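Colleague: Please pick one part of this model and take me through it closely. I'd like to know what surrounds it and how it fits into the rest.

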Amino acid sequence: MMKISRDIRAGLWYTVGNFINRGIAYLSTPIFTRLLSKEDYGEFSNFTAWATLLGVITSLDLYVSVSRAYYDYEDDFDTYMSTISWMSIVFSGVCYLAALCFKGLSTDLFGMNLQYINMLFLYLIFSPAAQFFMVQQRVQGRYKSAIFVNVGSALFSLGLSIITVLTFQNKVWGRIVGYVLPVVIVNLVIYGIFFSKGKKFIQEKAKYALAISIPMIPHNLSGSVLNNSDRFVIKRYCGNTELAVYSFAYNCAMVISILSTSINQANAPWLYRKLKENDTDSIEQHGKDLLLLFLALVLGVMLLTPEMAYVLGGKKYGDSVTLIPVIMLGYCFQFLYTYYVHLEIYCKKTITISMGTLCAAGINLILNFICIPKFGYQIAAVTTLVSYIMLCFIHYIVTRWLPYKNVYDHKKMMYMIMLFAICSIGVECLYEYTLLRYCIVLLYFAFACCAAYKYYLKKRK
């Protein structure tokens, strides 16, 4: 019983720490939108997009294997951690040498100069250590150290980035240095701990890690392409200024992504337990209630989008207001598709997850290359929305072949999200009528308070 209690507590605090970490990044947006020009903001957005995409490849997704390895190598876990650390560093270094050997191709592909590419690969070499450390601490139930490193690194990066942007003449270089240097310092310490405890590189453990991690690369790489390909195409065809506006809109909508991730992390253990108990009635009702709650929260954020955009970016990012609701709607379909992904994971159909994400990423990439040059950067929000709708549909089709295909009320959930899509269009039309929108906001919060009070009374009974 104590073991279960500790695991639940560790998982909860780990989620809280991750939420705070992402929250710090979100709340720092108004600082850097004012310290950087649109051109500089777009340039840095391109840097982080490539860091996210390449990180899946250069790290070999080795962090995925840590949770399972803890139980298979519990007596020699330190050696396992040092082994995967060496693997990640060496492979990242090889990728860096390849980029240097083809400098012209690299600068053209990444859309940045060699100075920025050097910093990009410095980040890629060191950043996996934090991923390894977080998973290690989580499986060992050491949530305090995980939170300390997670939140401390975010605050360190924020503070140093403000200093470097204010002091460096090249603002983009200052932002990149402030972003990368804390990663290098913190993760150098983590690598040092891994190597001092593990000391060795064991070939058997390396093969074990690759056998688990390599199959997940297509899924995570496709997910990264799905989330970032629009920025690469905008950078190439439209420029940094348009990329800045689009990236800012995505950063504003990130609050919905944080909310979605947090709810799903909290819901997954409950769902798996109910599936094991075959309590399908509870799952069906809970699924509808959870989706309704999430959509209601997103609607509230949508109603206040113009104010949120102004606070985070000021008047110069006013063009982003019409993009934010579309991006948020995409996150709603992303939230719904995780319902089906959880069923696939429970039934051990992980290959279908990778195939679905790969198909959606391919659709997104093709639509971006066709539509962005023709219709402009704004269409990227629509192409991403279409891709998330397709991803949701693909996973829905896959679950029709699983034993738990009727565990959700699919029709009602689809009706709910389609009605929400219509409402989101209406909300966007209200942005030009501020007084009317404020009246609706007051009604919304009054209704939300009444609903919360009724729920509280129901729980007391």
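**The largest cavity and helix α14**

Modeller: Let's start inside: the largest cavity is lined by Asn-267, Trp-270, Leu-271, Ile-283, His-286, Gly-287, Leu-290, Tyr-339 and Tyr-408. This is a predicted model, so local features need pLDDT of at least 70 and side-chain atom pairs count only at pLDDT 80 or more, while totals for chains, interfaces and linings use all residues. Residues are numbered from 1 along each chain as its sequence is written, and side-chain values use heavy atoms, with hydrogens and water left out.

A cavity here is a set of points on a 1 Å grid over the protein atoms alone where a 1.4 Å probe fits but cannot get out; lining residues have an atom within 4 Å of a point. Searching the whole structure turns up 2 cavities of 30 Å³ or more, and the largest cavity holds about 50 Å³. Grid points are joined across faces, edges and corners, and the volume is the space filled by probe spheres set on the points.

Two helices, α13 (240–277) and α14, give at least two lining residues each, with α14 supplying the largest share, 4 residues. Helices are DSSP runs of H or I with at least four residues, strands are E runs of at least two, and both are numbered from the N terminus. Sorted by class, that lining is 6 nonpolar, 3 polar and no charged residues. For the sorting, Ala, Val, Leu, Ile, Met, Phe, Trp, Tyr, Cys and Pro are nonpolar, Asp, Glu, Lys and Arg are charged, and the others, Gly among them, are polar.

Now stay with α14 and look at the second largest pocket, about 1,000 Å³ in volume. A pocket is an open set of points with protein on both sides within 12 Å along at least five of seven lines. This one has 24 lining residues, and Asp-289, Leu-292, Leu-293, Ala-296 and Ala-451 lie nearest its centre. Two or more lining residues come from each of α14, α19 (410–429) and α20 (434–460). The largest share is again from α14, with 12 residues. Unlike the cavity, this lining does include charged residues: the tally is 18 nonpolar, 3 polar and 3 charged.

Follow α14 (residues 280–303) along and you get to Leu-303. Leu-303 is buried, at 4% relative accessible area; buried means under 20%, exposed over 50% and partly exposed in between, with a 1.4 Å probe and protein chains only. Leaving out neighbours within four places in sequence, its contacts (heavy atoms within 4.5 Å) are Val-427, Arg-437, Ile-440, Val-441 and Tyr-444. By contrast, the C-alpha atoms of Leu-303 and Ile-202 are 55 Å apart, with their positions 101 residues apart along the chain.

Stepping back, the protein chain has 20 helices and 0 strands. Its C-alpha atoms fill a box of roughly 60 × 55 × 40 Å along the principal axes. Buried residues are 52% of the 461. Of the contacts with a separation of 6 or more, 83% join residues 24 or more positions apart.

You may also want the cysteines. Counting a disulfide as a pair of cysteine sulfur atoms within 2.5 Å, the total is 0. For Cys-238 the nearest cysteine sulfur, on Cys-371, is 12 Å away. For Cys-450 it is that of Cys-449, at 7.0 Å. Cys-238 is partly exposed at 25%, and Cys-450 is partly exposed at 47%.
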